[in-house]
Amino acid sequence: MLLEFNDIDTYYGDLHVLKKVNYSIEAGEIVSLLGGNACGKSTTMKTIMGVVRPARGTVIFDGQPIEKLPTSERVKRGIAPVLEARRLFPRMTVFENLEMGAYLRKRGAEFDQDLDRVYSLFPRVKERRNQVAGTLSGGEQQMVAMGRALMARPRLLCMDEPSMGLSPIFVDQVFDIIQQINKQGTTIFMVEQNANMALSIAHRAYVLQTGQVVLSGSAAELRRNPMIREAYLGEMQVPAA
Amino acid sequence: MSFSSLLLQQTINGLSLGAMYALLALGFTLIYGILELINFSHFNVFMVGSFIAMWTLQSFGLSGQSIILTGLPLVGVLLAAFAVTMLASGTLGVVIERVSLRPLRGITGPAAMITTIGVSYILFNIILVTVGADAKNFPNPLPPMRWHVDGAVLELREVLIWVVSLVLMAGLWLFVQKSRLGKAMRATAQDPEAARMMGVDVDRVIMTAFFLGSALAGAGGLIFGLYYNFTSFIIGFTAGLRAFTAAVLGGIGNVPGAMVGGILIGLIEAYGGQFIATEWADVIIFSILVLVLVFRPAGLFGRLAPSKS
């Protein structure tokens, strides 16, 4: 297992956001986390990154408990976030944003290799490298956000809503690239509202409802599950005649 | 004196005052940019800095304006005085942050700002009690060199102030733009949570901002002493308030804005004093501040901060 949540409870003040949550993600997988608004998806991401600390339970990364480690140590061990709503540093250039992704790493041959890789995955990012990030279109910002995360050379990429606010063509492109990144060896844990797209590329998925995992399984199984079809894939359940 | 030489003379004076205000304004802007905190202790870090500068110069055997140095000894003494003053003031800023502000991190509301007012008063009273209330003669080893330009007088101390301020501001600009820690500072100012998730140690960034801001305030304190030939426990208030105004005028949080704002305040003070009346300087300065903020609430170069999520 690359990442495990064991009975995680997370609170914001009195609000009990994650309730005894368990996930386990194998190296090489794409795992998707589905759920409606305010179900605890973003809190899951923040708990992985260490921005929010769980009250109970353990988070295991690569065999080691990490729930007490500071965020920078988690980044060093190979977890990188692609943040929701494309939270780039808006007044820094695209290149400076990519540099921030590699903040804890030395400059040198590896940095240059990763930069080339990001530029070949996203030629558009290369074109825009000297532009201030806040002036890019939504789709371009999403590409920079993904590129920035890849600059950390992560083993686990945590993506928060990669399709949010993107046009359908961009969504297709982004999901293609997610699959490419995964095939190149990076494990992906992806929070996503667009269940259709998420289940089309994920190997497995968890469904989160008001802070609890209510369903999990392979993407194929979940696509056939009547509850998923009704709640997330937008299909009406046809009553048996 | 003709009008044009008066104008030139006041431009020279205003640029010198403005350089000092700009150095002080940068400290307000660096810390506000990252913490959204108005750091009132900065007023008196500047004041303490000018005392540190005075003691450093005295430790070289200088007193008053009677001992003049030239050539290498002058350069050496000044370099040492700036280095010691800036290091000590920077350290004072770091200690203030560590002891009184870090424990309040993450607490919303005015607690941190009120704390900085408290720290400011502590510094003010420590100097008052230990050094006394009378103004102190500030050692000035500069030779009385002066040049006559078009009916105006340019003194060596003014040239020195300009050169030192330019070097310090250019250095800060390069640091913020090019260095790894400087980029982390900008990233933290723009989105602290995202910066943290890139692996930035936000505490270290905040400490750096306090060190740099306070070191610049210390340099400002030394410049104050060289310019006015005295220092006193009360100098922090007026200069601090004008420098804070400069930071707001330029757009608080914006580094070049603080530089330009400082120069503008210095020029306004000098022209206002010459062409209206010295006693009206603060009325003029703060009226212009009010006017600018009414029409441009974010300051001349600022942008209204988007609400942080």
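Contact denotes heavy atoms within 4.5 Å. The model is predicted: local features need pLDDT of at least 70, side-chain atom pairs count only at pLDDT 80 or more, and totals for chains, interfaces and linings use all residues. Residues are numbered from 1 along each chain as its sequence is written, and side-chain values use heavy atoms, with hydrogens and water left out.

**View 1. Surroundings of A:Thr187 in strand S8 (residues 187-191) of chain A.** Strands are DSSP runs of E with at least two residues, and helices are runs of H or I with at least four, both numbered from the N terminus. A:Thr187 has 2% relative accessibility and therefore counts as buried (under 20% relative accessible area, 1.4 Å probe, protein chains only). Beyond residues up to four places away in sequence, A:Thr187 touches ten-residue surroundings including A:Leu2, A:Ile25, A:Arg155 and A:Asn182. A polar atom of the A:Thr187 side chain lies 2.8 Å from the backbone nitrogen of A:Gly28.

**View 2. The interface of chain A and chain B.** In this interface, 21 residues of chain A contact 19 residues of chain B. About 2100 Å² is buried between the chains, 56% of it from carbon and sulfur atoms (accessible area, 1.4 Å probe, lost on putting two parts together and summed over both). On the chain A side, A:Arg87, A:Arg91 and A:Tyr103 lose the most area to chain B, together 34% of what that side buries.

**View 3. The salt bridge of A:Glu96 and B:Arg186.** The side chains meet at 2.8 Å, N to O. Between chain A and chain B the count is 5 salt bridges (a side-chain nitrogen of Lys or Arg within 4 Å of a carboxyl oxygen of Asp or Glu). Helix H3 (94-101) is among the chain A helices that each supply at least two residues of the side touching chain B, and H3(A) gives the most, with 4 residues.

Key
Chains are lettered from A and ligands numbered from 1 in the order in which they are written. Buried means under 20% relative accessible area, exposed over 50%, partly exposed in between (1.4 Å probe, protein chains only). A polar contact is a pair of N or O atoms within 3.5 Å; within protein, one must be able to donate a hydrogen and the other to accept it, and residues adjacent in sequence count only if both atoms are side-chain atoms.
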